[in-house]
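The following paragraphs lead the reader through a protein structure, beginning with one residue and then turning to the whole. Please keep the sequence and the structure in view while reading.

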Amino acid sequence: MRDMQIEPQAFDRVLSSMCTDPHPAARDAAERFLATNPGDPGTYPAVAALEDDAIELLGDIAGLDDPAGYITSGGTEANIQAVRIARERADGRTPNVVMPDSGHFSFRKAADLLGVELRIVPTDDRHRADLGAVRASVDEDTALVIGVAGTTEYGRVDPIPELGEIARSVGAMCHVDAAWGGFVLPFTDYDWHFDHAAVDTMAIDPHKMGQAAVPAGGLLVRDAALLDELAVDTPYLESTSQATLTGTRSGAGVASAVAAMDELWPEGYRRQYVRSQNNAEWLADALEKRGYEVADPTLPLVAADVPRSTFDALRAEGWRISRTATDELRIVCMPHVTREMLASFVGDLDRLEVR
Ligand code: 0PR
């Protein structure tokens, strides 16, 4: 018989993930709503009502009065749907989408699926979208300009207001990918959300820094009419149309997102941000003292030029770590990452480092 008591993955050595141990309330809500489908609100009204609450809460976090959107399967779905909305709005043209090279690979999937041209522009020496390059890339066929608020590799925040202006100047929409950053940015000084800029759509994922169970991503749109671009008729359901990409969806994700946000927004998330950011700075400092070059952790994510041989030795010790495209060690200080874990990691690094 297969051993289903097998340990799925203890979090005590996971430094590479953007997922984390869900909050106990989120875990409990997920279990209770496991067999519900918010894709069929006529049959499962309770979870459909919870989804409205989730969008209200996400709107609060992202500075959007009167928010619209839905709980997606993750950042990938939210990003694909944002590109799809922009493509539909750009009717009659062969649209292009402009994104910094720090953008997540989900936009490549979107471009592939939707038949839009993806124009990838360089980032500057601080790993942020190069505004000159963005300006030079947009034209009258640009449907969407993408900015990242918390990049996957370095945790950087693009200049969102400026990207919004560039988008407006050519009649394009502006999408912010805050899939990872959205639950820490409210406690920073960055201009990243709907209040500050000409932002039309946003990805913001409860199942990352939001401490909800997987799958719980978020798509927010400035105006509910934007969701109409996604809607298809649903002839045999009680509800008449559906704007989601998937059909049957996880009620567990939806309920879990609401439970986590009810529990943690804003004070719990604030405390978590401070803890994670302090940990990232502590680790950056420890690595710098050992002579490594470290990218400044502007959000709780550390990248350092630890050589591949040392990286492999740490992996062999069971550390779950990852590398950037330019081969740096990358550590994400998620809520389950404690100071003790990092101290133990640095201890192993000292023991194993290959110079
Ligand atoms: N946008 C940004 C900025 C992201 O970092 C990610 C995921 C996405 C969108 C896509 O989100 P979903 O994966 O929810 O669709 N970035 C991580 C990455 O690609 C995803 C990840 C998460 C990887 C957990 C490993 C892991 O254990 O590295």
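Asp53 has a relative accessible area of 39% and is therefore partly exposed. The model in which this value was computed is a predicted one. Asp53 is found in helix H2, and it belongs to a negative surface patch. Other members of this patch include Asp52, Glu56, Asp60, Asp65 and Asp66, together with Asp195, Asp223, Asp228, Asp262 and Glu263. Two or more residues of the patch come from each of two elements, helix H2 (45-61) and helix H8 (251-264). Helix H2 makes the greatest contribution, with four residues. Since residues enter such a patch only with over 30% relative accessible area and no salt bridge, the 39% of Asp53 satisfies the requirement on area.

The protein as a whole may now be considered. It contains eleven helices and 13 strands. Its C-alpha atoms fill a box of roughly 65 × 55 × 40 Å along the principal axes. The radius of gyration is 21 Å, which agrees with the value near 20 Å that a compact globule of 355 residues would have. Of these 355 residues, 56% count as buried.

Charged side chains also occur in pairs of opposite sign. The count of salt bridges comes to 16. One of them joins Arg27 to Asp21, with 2.7 Å between the closest N and O atoms. Arg27 has a relative accessibility of 45% and so counts as partly exposed; Asp21, at 36%, is likewise partly exposed.

With which residues does Arg119 form salt bridges? One partner is Glu117, the closest N and O atoms lying 2.9 Å apart. Glu117 is partly exposed, at 42% relative accessibility, and Arg119 is partly exposed with a relative accessible area of 22%. The value for Arg119 lies above the limit of 20% under which a residue is called buried, so Arg119 falls in the partly exposed class. Asp139 is another partner of Arg119, again with 2.9 Å between the closest N and O atoms. This pair links distant parts of the chain, 20 residues apart: Arg119 lies in strand E3 (residues 117-121), whereas Asp139 lies in the loop between helix H5 (131-137) and strand E4 (142-148). Asp139 has a relative accessibility of 22% and therefore counts as partly exposed.

Salt bridges also form a network in this protein, in which Arg13, Glu317, Asp348 and Arg351 are linked.

Notes:
Residues numbered from 1 in each chain as written. Predicted model: local features only at pLDDT ≥ 70, side-chain atom pairs only at ≥ 80, totals over all residues. Heavy atoms only, no water. Patch = residues over 30% accessible without salt bridge, like charges linked within 9 Å, V, L, I, M, F, W, Y side chains within 5 Å. Areas by Shrake-Rupley, 256 points an atom, 1.4 Å probe, with all protein chains shown as cover. Salt bridge = Lys/Arg side-chain N within 4 Å of Asp/Glu carboxyl O. Lys, Arg positive; Asp, Glu negative; His and termini not counted. Charge placed at Lys NZ, Arg CZ, Asp CG, Glu CD. Buried < 20%, exposed > 50% of the residue type's maximum accessible area, 1.4 Å probe, protein only. Rg over C-alpha atoms; globule rule 2.2 N^0.38 Å.
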